[in-house]
Amino acid sequence: MSIYLPITTLMAIILASVYLLQTWSVISVRRQHGIVHGSHGNKTIEKRIRGHANMSEQAPFFMGLIMLAEIQQLVSNTWLWSLTSFFLVGRLMHAYYFLDIGGHYRFRVYGMLFTLMAQFAVILTLVSTLTY
């Protein structure tokens, strides 16, 4: 049996690509400063590590929720595309702030707001599909 999950698949590809870019941003700063482990107190590395870690904390959780919603097929794909787009915008804003290239702190704040709102909306969506 084959299950076609275009929303989950595309979002996984995009988020994994952003994650790889964040990985590379940490590696490049480490190389630039000759730091193999940890941050050695380098604020740029610390900031990039934290942004990278946050993506690894938030994205899998969201992807699991979206996959459950998509598999159940109890809500419209338009709604799921909207939620994933909202989540993606949040993740991109958050990642931009953590590049430490002058992005205003509001990118972090609004990025997390979008991220958490999308997660909450998916949770509510799943709860609404429960039958007792």
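Two exercises on helix packing and the nonpolar core follow, each with a worked solution.

The model is predicted, so that local features need pLDDT of at least 70 and side-chain atom pairs count only at pLDDT 80 or more, while totals for chains, interfaces and linings use all residues. Residues are numbered from 1 along each chain as its sequence is written, and side-chain values use heavy atoms, with hydrogens and water left out.

**Exercise 1.** Find which residues touch the most other members of the largest nonpolar core, and which helix gives the most to this core.

*Solution.* A nonpolar core is a set of buried (under 20% relative accessible area, 1.4 Å probe, protein chains only) Ala, Val, Leu, Ile, Met, Phe, Trp, Tyr and Cys residues joined through side-chain atoms within 4.5 Å. The largest one has 20 residues, of which Leu15, Phe62, Ile66 and Val122 touch the most other members. Two or more residues come from each of the helices (DSSP runs of H or I, at least four residues) H1 (6–33), H2 (43–72), H3 (77–98) and H4 (105–128), and H2 gives the most, with seven residues.

**Exercise 2.** Decide how H2 and H4 are oriented to each other, and which classes of residue form their contact.

*Solution.* H2 and H4 pack at an angle of about 30°, with their axes (lines fitted to C-alpha atoms over the stretch in contact, with angles from 0 to 180 degrees between N-to-C directions) 10 Å apart. Because angles under 35 degrees count as roughly parallel, H2 and H4 are roughly parallel to each other. The residues of their contact (heavy atoms within 4.5 Å) divide into 12 nonpolar, five polar and no charged.

Methods. Buried means under 20% relative accessible area, exposed over 50%, partly exposed in between (1.4 Å probe, protein chains only). Angles under 35 degrees count as roughly parallel, over 145 as roughly antiparallel, 65 to 115 as roughly perpendicular and the rest as oblique. Ala, Val, Leu, Ile, Met, Phe, Trp, Tyr, Cys and Pro count as nonpolar, Asp, Glu, Lys and Arg as charged, and the others, Gly among them, as polar.
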